[in-house]
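Here is a guided look at a single protein chain, written to be read with the model open beside the text. Take a moment to turn the structure around before reading on.

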Amino acid sequence: MWAHGRRGDLSSGLVAWHLAGPQVREVLSRACRLDLDPEVFPAGRAAATIMAQVAVILAVLPSGLLLLTPATTARHLREWLASTAKPFGLVLRADVTVAALPGDGGT
């Protein structure tokens, strides 16, 4: 499952997605230049990289992965995520804010 963070847009012009589930790392590895193995990229780590020809920041949270991309490239990345995730049975959930992420934001 992944959730688009449209209402979680950051003031710097970034769009955030919360990505969670057992196959998320496999989906992202299709276009990510990072080694996403949990032993190499565990919770608490973050890195900037290129994914599907788009600059992203990927952070590992206890509840999943946080993907940030510039608002100008968010549509392209969202379409790529949707088409790549579909064969894995992953679907878009309702919009969320970063503060609403379970165990990760605000409270």
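## Confidence first

Confidence in the protein is lowest in strand β1 (residues 2–5), with a mean of 48, and highest in β3, with a mean of 95. This is a predicted model, and the average pLDDT of the protein is 79, with 73% of the residues scoring at least 70. Over residues 3–11 the pLDDT stays under 50, and for this stretch the model has 30 contacts beyond four places in sequence. Where pLDDT is low, the predicted coordinates should not be read in detail. Those 30 contacts of residues 3–11 are therefore best left without close interpretation.

## Overall layout

The protein has two helices and six strands. Read from the N terminus, the elements follow the order β-β-α-β-β-β-α-β. Of the 107 residues, 43% count as buried. Among contacts between residues at least 6 apart in sequence, 54% join residues at least 24 apart. The protein exposes about 5,900 Å², and carbon and sulfur atoms supply 56% of that area.

## The nonpolar cores

Which residues have the most contacts inside the largest nonpolar core? They are Trp17, Leu28, Met51, Leu58, Leu67 and Leu77, in a core of 25 residues. The elements giving two or more residues to this core are β2 (14–19), α1 (24–29), β3 (46–51), β4 (54–61), β5 (64–70) and α2 (74–85). Helix α2 supplies the largest share, five residues. Apart from this core lies another, of six residues, including Leu14, Ala16, Ala59 and Leu68.

Two of the residues with the most contacts in the largest core deserve a visit. Setting aside neighbours within four places in sequence, Met51 is in contact with Leu28, Ala31, Cys32, Val56, Leu58, Leu67, Leu77 and Trp80. Leu58 lies in strand β4 and is buried, at 0% relative accessibility. Beyond residues up to four places away in sequence, Leu58 touches Leu28, Cys32, Leu34, Leu36, Phe41, Arg45, Ala46, Ala47, Met51, Leu65, Leu66 and Leu67. One of these partners, Arg45, is 13 residues from Leu58 along the chain, and their C-alpha atoms are separated by 8.4 Å.

## Strand β3 and its hairpin

In a regular strand the side chains alternate between the two faces of the sheet. Strand β3 shows such an alternation: Ala47, Thr49 and Met51 point to one face and are buried, while Ala46, Ala48 and Ile50 point to the other and are not.

Is Thr49, in strand β3, buried or exposed? Thr49 counts as buried because its relative accessible area of 11% falls under the 20% cut-off. Leaving out residues up to four places away in sequence, Thr49 touches Cys32, Arg33, Leu34, Val54, Ala55 and Val56. Val56 is also the bridge partner of Thr49 in β4.

Strands β3 and β4 pair in the antiparallel sense over six bridges, and they form a hairpin with two residues between them. Ala52 is found in the loop between β3 and β4, and so is Gln53. Ala52 has a positive phi near 55° without being a glycine. Gln53, likewise not a glycine, has a positive phi of about 65°. As for burial, Ala52 counts as buried at 13% relative accessibility, whereas Gln53 counts as exposed at 72%.

## Salt bridges

How many salt bridges are counted? The count comes to two, and the table lists them.

| Salt bridge | N to O distance | Relative accessible area |
|---|---|---|
| Glu26 and Arg30 | 3.1 Å | Glu26 39%, Arg30 52% |
| Arg75 and Glu79 | 3.1 Å | Arg75 65%, Glu79 46% |

In the pair formed by Glu26 and Arg30, Glu26 is partly exposed and Arg30 is exposed. In the other pair, Arg75 is exposed and Glu79 is partly exposed. Because Arg75 and Glu79 are four residues apart in helix α2, about one helical turn separates them.

Conventions
Residues are numbered from 1 along each chain as its sequence is written. This is a predicted model: local features need pLDDT of at least 70, side-chain atom pairs count only at pLDDT 80 or more; totals for chains, interfaces and linings use all residues. Side-chain values use heavy atoms; hydrogens and water are left out. A nonpolar core is a set of buried Ala, Val, Leu, Ile, Met, Phe, Trp, Tyr and Cys residues joined through side-chain atoms within 4.5 Å. Buried means under 20% relative accessible area, exposed over 50%, partly exposed in between (1.4 Å probe, protein chains only). Contact means heavy atoms within 4.5 Å. Accessible areas come from the Shrake-Rupley method with a 1.4 Å probe; for residues, only the protein chains shown count as cover. pLDDT is the predictor's confidence in each residue, from 0 to 100. Two strands pair if DSSP finds at least two bridges between them. A salt bridge is a side-chain nitrogen of Lys or Arg within 4 Å of a carboxyl oxygen of Asp or Glu.
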